[in-house]
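Trainee: I should like to go through this structure with you, step by step. May I put it on the screen?

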Amino acid sequence: MNQAVTDYMAAISDTWKVEVSERLRELVHNTIPDVAERLQYKKPHFLKNGKYAAVISVAKSAVSFTIFNAEGLEWPETLFEGPPERKTIKISAGQQVDYAALASLLKQASVGL
């Protein structure tokens, strides 16, 4: 784990955002073997073999989780937005999140990395 990403998470102001961000970080590490993480563009980015796999972005009202290499996969359109090559879910306070489904989508998207 990258210390800059750890520091980023520690600086998040709202407890629920910290919890969601840490859970997403753990999900990425558990889903993609040998994933690397770094702080880039002031956001935690996760890479496999130098290629983007996912990014966490914390905003005022939501935590966004973007999965790259998404083309060709089936996405729940009511939850995800974005172009075919990357899909983003915006998680709000109190929202129920199916982390197992997110892990499955991330795993499928990262197969070719």
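Trainee: Which residue caps the N-terminal end of α1?

Mentor: Bear in mind that this is a predicted model. The cap is Asn2, with a side-chain oxygen lying 2.7 Å from the backbone nitrogen of Ala4.

Trainee: Which residues of α1 are buried?

Mentor: Helix α1 spans residues 3-10, and its buried residues are Val5, Tyr8 and Met9. They lie on the same side of α1 because they cover an arc of only 95° around the axis. On the other side of α1, Gln3 and Ala10 are exposed.

Trainee: And what do the buried residues of α1 pack against?

Mentor: They pack against α2 (15-31) and against three strands, namely β1 (36-40), β2 (43-48) and β3 (51-58).

Trainee: Turning to the sheet, in what order do the strands run?

Mentor: The sheet is open and has six strands in the order β1-β2-β3-β4-β6-β5, with antiparallel pairing. At the edges are β1 and β5 (80-81), each of which pairs on one side only.

Trainee: How many bridges link β2 and β3?

Mentor: There are four bridges, in the antiparallel sense. Leu47, for instance, has Tyr52 in β3 as its bridge partner.

Trainee: Where do the helices α1 and α2 touch the sheet?

Mentor: Helix α1 packs on the sheet through β1, β2 and β3, and its direction makes about 60° with that of β1. Helix α2 touches β1, β2, β3, β4 (63-68) and β6 (86-91), and its direction makes about 15° with that of β4.

Trainee: A different topic: Lys87. Is Lys87 buried or exposed?

Mentor: Lys87, which has its place in strand β6, is buried, with a relative accessible area of 16%. The cut-off for buried is under 20%.

Trainee: What lies 2.8 Å from a polar atom of the Lys87 side chain?

Mentor: That is the backbone oxygen of Gly82. Leaving aside neighbours within four places in sequence, Lys87 is also in contact with other residues, among them Phe65, Trp75 and Phe80.

Trainee: Lastly, the largest nonpolar core. Which residues touch the most other members?

Mentor: Of its 31 residues, those are Leu24, Leu27, Val28, Phe65, Leu102 and Leu106. Two or more residues each come from α1, α2, β3, β4, β6 and α3 (99-110). The largest share, six residues, comes from α3.

Trainee: And which residues is Val28 in contact with?

Mentor: Leaving aside neighbours within four places in sequence, Val28 is in contact with Val35, Phe46, Ala54, Phe65 and Leu106.

How values were computed:
Residues are numbered from 1 along each chain as its sequence is written. This is a predicted model: local features need pLDDT of at least 70, side-chain atom pairs count only at pLDDT 80 or more; totals for chains, interfaces and linings use all residues. Side-chain values use heavy atoms; hydrogens and water are left out. Buried means under 20% relative accessible area, exposed over 50%, partly exposed in between (1.4 Å probe, protein chains only). The arc is that of the directions from the helix axis to the C-beta atoms. Contact means heavy atoms within 4.5 Å. A polar contact is a pair of N or O atoms within 3.5 Å; within protein, one must be able to donate a hydrogen and the other to accept it, and residues adjacent in sequence count only if both atoms are side-chain atoms. Two strands pair if DSSP finds at least two bridges between them. Axes are lines fitted to C-alpha atoms, for helices over the stretch in contact, and angles run from 0 to 180 degrees between N-to-C directions. A nonpolar core is a set of buried Ala, Val, Leu, Ile, Met, Phe, Trp, Tyr and Cys residues joined through side-chain atoms within 4.5 Å.
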